Amino acid sequence: MPGFRATVRVGVLAAAALLMVLPAIPLAAGASPAPTSGARPTSAPGFSANVYWNGADVSSAGSPSSAITISSYASVTVLYFWNSTATGAGEPLHLYNVTDARLAMTYFGYALSTRDVPPVLGGTETRGSFDMSWNVGAIQYVLGGTYLVTATLFAANGTNLWSENFYVHLVPPYSLLAIVPILLIIIAIFEVIAIARSGRQAALKAPPSAKPPPPSSPAPSPPPPAAPPPTPPTGETPPTSPGSTPPGGP
Amino acid sequence: MSAASYAAESGVVLGIVFVLLAQQFGYLALASLTTGILDIVIGAVIGGVLFGLIGWALGHRYLRNHPPDVTPPG
């Protein structure tokens, strides 16, 4: 049983290492990591935007409890609308050249999945929009749960013009069929069984049962009984040795 | 190994598994590395202490129901 427990422990460490390393593996399109801060970033002055996730404004999903629930195998349409706003009375609207929109799913501070709209080579505008089709990809068979997603708009020179954090709740197929939750449940079951049997460990640690003391007069142990002579074959007389009594004697 | 330490060892693993499962089922968001690791450490500590106490109680109950075979000398 200790060997089995050690195997379970190795499994837990492997799962934890997988969860830590997995975000560093680029599983989806996109190159650069997403911002790792969970705080809502500020936008450039005179710039505002809205993002709609399958028609729902993502600003309403700013906490894990209000996360947008999606099925992992479903494709999501994300719409970005941006516009320039006046910074003061009588000020002209700023012109922006927004060329890229990015969506990044963050886990343990790393971008688990990123998706970019192909760059748009346009001129400066006061308003614009992007639309993006997004799905989870291969991660749906590995992970589920609530994740922080960051939507970002970039200028042509790579400047972050606007970004917003929101949460999505990724439901794996049949609510459970992903590798990590199944593995975690199996580990939890084995550990609960181990805890339920932990009481027996007290018996192992208890003092050994006291044996009665040996007799006070130690006597030499008798020699082991001699092995019986081999049975002679039928019809033969066993050889007699000097001093021995023949069978049927006085 | 005593029953308490045996159960505490399993409780640490269970605490970590519980935090990861809570994230997997949407009750927790491990978005930041710092807070994520902090959540895991808190889960491990709580699991170790809680199940250590449970293991201690289970050990006492087991010894009460299965007393060691002690024969008085003489």
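Start on one side of helix α2 in chain A: select Ile189(A) and Ile193(A), which are exposed. Keep in mind throughout that this is a predicted model.

**The helix α2(A)**

Now select residues 179–196 of chain A, the whole of helix α2. The helix has 18 residues and reaches 26 Å from its first C-alpha to its last, close to the 26 Å expected at 1.5 Å a residue. Next, colour Val180(A), Pro181(A), Leu184(A), Ile187(A), Glu191(A), Ala194(A) and Ile195(A), which are buried. Turn the view to look down the axis of α2(A): the buried residues fall within an arc of 140°, so they line one face of the helix. An α-helix has 3.6 residues a turn, so residues three or four places apart point the same way. Ile189(A) and Ile193(A), the exposed pair from the start of the tour, are on the other side.

**Chain A as a whole**

Zoom out and show chain A as a cartoon. How many helices and strands does chain A have? There are three helices and nine strands. Follow the chain from the N terminus, and the elements run α-β-β-β-β-β-β-β-β-β-α-α. Buried residues account for 28% of the 250 residues in chain A. Of the contacts in chain A between residues at least 6 apart in sequence, 74% join residues at least 24 apart.

**The sheet of five strands**

Select β3, β9, β8, β5 and β6 of chain A. These five strands form an open sheet in the order β3-β9-β8-β5-β6, with mixed pairing. Look at the edges, where β3 (68–71) and β6 (110–116) of chain A stand. Each has a single partner strand, so one side of each is left without a neighbour in the sheet. From one strand to the next, the twist averages 35°.

Within this sheet, select residues 145–155 of chain A for β8 and residues 160–171 of chain A for β9. In which sense do β8 and β9 of chain A pair? They pair in the antiparallel sense, over 10 bridges. To see one position in this pairing, pick Thr146(A), which stands opposite His169(A) in β9(A).

**The sheet of four strands**

Move on to β2, β1, β4 and β7 of chain A. They make an open sheet of four strands in the order β2-β1-β4-β7, and the pairing is antiparallel. The edge strands are β2 (56–57) and β7 (127–134) of chain A, each of which pairs on one side only.

Select residues 76–84 of chain A to show β4, which eight bridges join to β7(A). The strands β4 and β7 of chain A run antiparallel. Here, Val78(A) stands opposite Met132(A) in β7(A).

**A loop residue, Pro92(A)**

Go next to Pro92(A), in the loop between β4 and β5 (98–107) of chain A. Is Pro92(A) buried or exposed? It has 11 C-beta neighbours inside 10 Å, and a residue with 12 or fewer is exposed, so Pro92(A) counts as exposed. Then add Gly46(A) to the selection: Pro92(A) and Gly46(A) are 46 residues apart in sequence and 10.0 Å apart in space, C-alpha to C-alpha.

**Chain B**

Finally, select chain B, which has two helices and zero strands. Buried residues make up 47% of its 74 residues. Of the contacts in chain B between residues at least 6 apart in sequence, 82% join residues at least 24 apart. Colour chain B by pLDDT: the mean is 87, and 92% of its residues reach 70 or more. For the complex, the predictor gives an ipTM of 0.86 and a pTM of 0.65.

Note on methods. Residues are numbered from 1 along each chain as its sequence is written. Chains are lettered from A and ligands numbered from 1 in the order in which they are written. This is a predicted model: local features need pLDDT of at least 70, side-chain atom pairs count only at pLDDT 80 or more; totals for chains, interfaces and linings use all residues. Two strands pair if DSSP finds at least two bridges between them. Axes are lines fitted to C-alpha atoms, for helices over the stretch in contact, and angles run from 0 to 180 degrees between N-to-C directions. A residue is buried if 20 or more other C-beta atoms lie within 10 Å of its own, exposed if 12 or fewer, and partly exposed in between; C-beta atoms are placed from the backbone. Two residues are in contact if their C-beta atoms, placed from the backbone, lie within 7 Å. pLDDT is the predictor's confidence in each residue, from 0 to 100. The expected span of a helix is 1.5 Å times one less than its number of residues. The arc is that of the directions from the helix axis to the C-beta atoms.
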